[in-house]
Amino acid sequence: MKVLLVEDEQKIADFVCDGLAQRGVAVIHCEDGNAGLELACKGDFDVVVLDIMLPGRDGLSILKAMRGADVSTPVILLTARNELGDRIEGLNLGADDYLAKPFFVEELVARIHALVRRLAGNRQNTLQVGHLTLDRIRRHATCKDQSVELTTREFSLLEYLMRSPGQVFTRGQILEHVWGYDFDPSTNVVDVCIKRIRSKMAELSPQRDAPAMIESVRGAGYRFRHPI
Ligand code: CA
């Protein structure tokens with residue numbers, strides 16, 4: 001899950017970024033309206049969280065320009081408590097939800113998940129490849145009907161790979177989608193996380209076939225193996 005946050009108030013941006021990251025949601029933050037619109041239009045975000053009062057270009061104008069350019073990424077507007085006019089205008093312009101400031105980050109996370117579920121439809125509430133099933137609502141994984149205890153980061157990484165079985169993802173892509181910020185490309189957090197997932201899978205599978213679910217592709221990255 002990858003979210004774009006366009007918010008110029010540093011204090012709010014910090015608590016949202018920290019709160020989302022702790023809950024396994026990768027977040028890219030941008031403080032300027034024009035830069036926010038450009039990023040939003042490049043796509044590749046599951047949800048855009050838009051503040052309304054922004055330098056450069058305001059949130060409602062970003063939303064209008066996104067919808068005008070046929071960018072259908074779901075948008076949650078952050079509104080001031082009493083700005084009914086902004087909310088109504090935002091919903092009319094194609095916002096999917098709004099949240100009045102001040103808010104708890106838990107509520108924003110719940111709304112992001114609710115929005116993604118609503119748009120993805122019931123069909124994608126569970127993701128299954130081979131013996132492994134991810135329940136994307138309960139954020140819970142099972143392998144051959146046995147529960148697998150995963151951290152939010154491990155879950156997000158598996159979810160990312162399993163959405164496109166067989167496709168190779170570079171460490172940079174995985175870092176960006178699962179961790180959500182520019183990491184030193186020489187960091188080994190991806191490898192460490194994959195190693196932990198593999199060892200958890202290996203504990204469940206005495207036949208030792210499960211660790212190969214995530215394949216290392218030399219010089220390229222990782223992929224989730226297509227079941228035979
Ligand atoms: Ca603002």
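This is a short tour of a predicted model, stop by stop.

**Stop 1: the two domains**

Colour residues 2-124 as domain 1 and residues 130-224 as domain 2. Their C-alpha centres lie 27 Å apart. Now show the contacts across the boundary. On the domain 1 side, 13 residues take part, and they meet 12 residues of domain 2.

**Stop 2: the largest pocket**

Stay with both domains on screen. Where does the largest pocket lie? Domain 1 and domain 2 both give residues to its lining, so the pocket lies between them. Its volume is about 400 Å³.

Select M1, D46, V116, R136 and R163. Of the 20 lining residues, these lie nearest the centre of the pocket. Next, show α5 (105-120) and α6 (152-162), the elements that each give two or more residues to the lining. Which of the elements gives the most? It is α5, with 5 residues.

Colour the lining by residue class. There are 8 nonpolar and 8 charged residues, along with 4 polar ones.

**Stop 3: the calcium ion**

Centre on the calcium ion. Select D8, D51 and M53. The two aspartates coordinate the ion through OD atoms, and M53 does so through its O atom. The distances run from 2.1 to 2.3 Å. Along the chain, the donors follow the spacing D-x42-D-x1-M.

Trace the backbone around the aspartates. D8 sits in the loop between β1 (2-6) and α1 (10-22), while D51 belongs to strand β3 (residues 47-51). The pair therefore ties together parts that are 43 residues apart in sequence.

Turn on the surface. Is D51 buried or exposed? D51 counts as buried because its relative accessibility is 5%, under the 20% cut-off. D8, at 32%, counts as partly exposed.

**Stop 4: I76**

Move to strand β4 (residues 75-79) and pick I76. Its relative accessibility is 0%, so I76 counts as buried.

Show what surrounds the side chain and backbone of this residue. Leaving out residues up to four places away in sequence, I76 touches V47, V48, V49 and L50. The same list includes D97, Y98 and L99. Also on it are L108, R111, I112 and L115. Keep β3 (residues 47-51) displayed from the calcium stop, and α5 (105-120) from the pocket stop.

**Last stop: a long span**

Draw a line from the C-alpha of I76 to that of S186. The two are 34 Å apart in space and 110 residues apart in sequence.

Definitions and conventions. Residues numbered from 1 in each chain as written. Predicted model: local features only at pLDDT ≥ 70, side-chain atom pairs only at ≥ 80, totals over all residues. Heavy atoms only, no water. Helix = DSSP H or I, 4+ residues; strand = E, 2+ residues; numbered from the N terminus. Buried < 20%, exposed > 50% of the residue type's maximum accessible area, 1.4 Å probe, protein only. Contact = heavy atoms within 4.5 Å. 1 Å grid on protein atoms, 1.4 Å probe; cavity = no way out; pocket = protein on both sides within 12 Å on 5 of 7 lines; lining within 4 Å. Points joined across faces, edges and corners; volume = space filled by probe spheres on them. Nonpolar A, V, L, I, M, F, W, Y, C, P; charged D, E, K, R; others polar. Domains from an automatic or database assignment. Donors = N, O, S within 2.8 Å, 3.2 Å for Na, K, Ca; no water.
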